[in-house]
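Dear colleague,

I am handing over the structure below, and I would be glad if you kept it open while you read my notes. Please look at the sequence and the model side by side.

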Amino acid sequence: MPSAGKVLVVDDDPDFVEYTRIVLESQGYMVRTAATTDRALELMREDRPDIALLDVMMSYVLDGINLTRQMRDDPQLRDIPVIMISAIVSKEEAGAFPTHSDLIVHHFMTKPVDPADLIKQVDLLVQGGKTLASKEVGR
């Protein structure tokens, strides 16, 4: 079965990473994982994913947000679609979450993630990116 696309899952929760891997691999996606932002950047530069799923809070508060800023500043990474995933559910925690327009986040999801919704969002963003890339090649 041909790959549906390459997904990078960035989260320091091994249970969530394994759950996400199982869900996405069942749909034909090739999944790579990173538990830190440094490792995520290394993997992205080594083998560019079609989409990145980033946890907001990992070792440090807002690690995922900081990673999107690093991606935005890197010409090779800035157009990778991003789904930001968070367990932030309270109003107090949500107040710490930046909503700047300079973030390159295409979709937000909260944990626990519904597998059908995850697949739907990943499919939409990966296929949208492939369509855009084929239009750019055809210019």
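What follows is an account of one lysine and its surroundings, then of a helix, and then of some salt bridges.

Please bear in mind throughout that this is a predicted model. I suggest starting with K111, which is found in the loop between β5 (107–110) and α5 (115–137). Is K111 buried or exposed? Its relative accessibility is 19%, and because buried means under 20%, K111 counts as buried. If neighbours within four places in sequence are set aside, K111 is in contact with D11, F16, D55, I85, S86 and A87.

Several of these contacts can be described in more detail. The side chains of K111 and D11 make a polar contact at 2.7 Å, while D55 forms a salt bridge with K111 in which the closest N and O atoms are 3.6 Å apart. Because D55 belongs to strand β3 and K111 to the loop between β5 and α5, this salt bridge ties together parts that are 56 residues apart in sequence. Both D55 and K111 are buried. In addition, the charged end of K111 sits over the ring of F16, at 4.5 Å from the centre of that ring.

F16 also takes part in the one aromatic pair that the structure holds. The ring centres of F16 and Y19 are 6.4 Å apart and their planes are at 40 degrees, so the pair is tilted. Since the two residues are three apart in helix α1 (residues 14–25), F16 and Y19 are separated by about one helical turn. F16 is buried, with a relative accessible area of 9%, whereas Y19 is partly exposed, with 30%.

Turning to helix α3 (residues 63–72), its buried residues are D63, G64, I65, L67, T68 and M71. These buried residues pack against β1 (5–10), α2 (37–46), β3 (51–55) and β4 (82–86).

Finally, the structure holds 11 salt bridges. One of them joins R32 and E46, whose closest N and O atoms are 2.8 Å apart, and this pair links distant parts of the chain, with R32 in strand β2 (residues 29–34) and E46 in helix α2, 14 residues apart. R32 and E46 also belong to a network of salt bridges with K6 and D47. Another salt bridge, between E42 and R39, has its closest N and O atoms 2.4 Å apart, and both of these residues lie in helix α2, three residues or about one turn of the helix apart.

With kind regards

Conventions. Residues are numbered from 1 along each chain as its sequence is written. This is a predicted model: local features need pLDDT of at least 70, side-chain atom pairs count only at pLDDT 80 or more; totals for chains, interfaces and linings use all residues. Side-chain values use heavy atoms; hydrogens and water are left out. Helices (H or I, at least four residues) and strands (E, at least two) are DSSP runs, numbered from the N terminus. Buried means under 20% relative accessible area, exposed over 50%, partly exposed in between (1.4 Å probe, protein chains only). A polar contact is a pair of N or O atoms within 3.5 Å; within protein, one must be able to donate a hydrogen and the other to accept it, and residues adjacent in sequence count only if both atoms are side-chain atoms. Contact means heavy atoms within 4.5 Å. Rings of Phe, Tyr and Trp (its six-membered ring) pair if their centres lie within 6.5 Å; planes under 30 degrees apart count as stacked, over 60 as edge-to-face and the rest as tilted. A charge sits over a ring if NZ of Lys or CZ of Arg is within 6 Å of the ring centre and within 35 degrees of the ring normal. A salt bridge is a side-chain nitrogen of Lys or Arg within 4 Å of a carboxyl oxygen of Asp or Glu.
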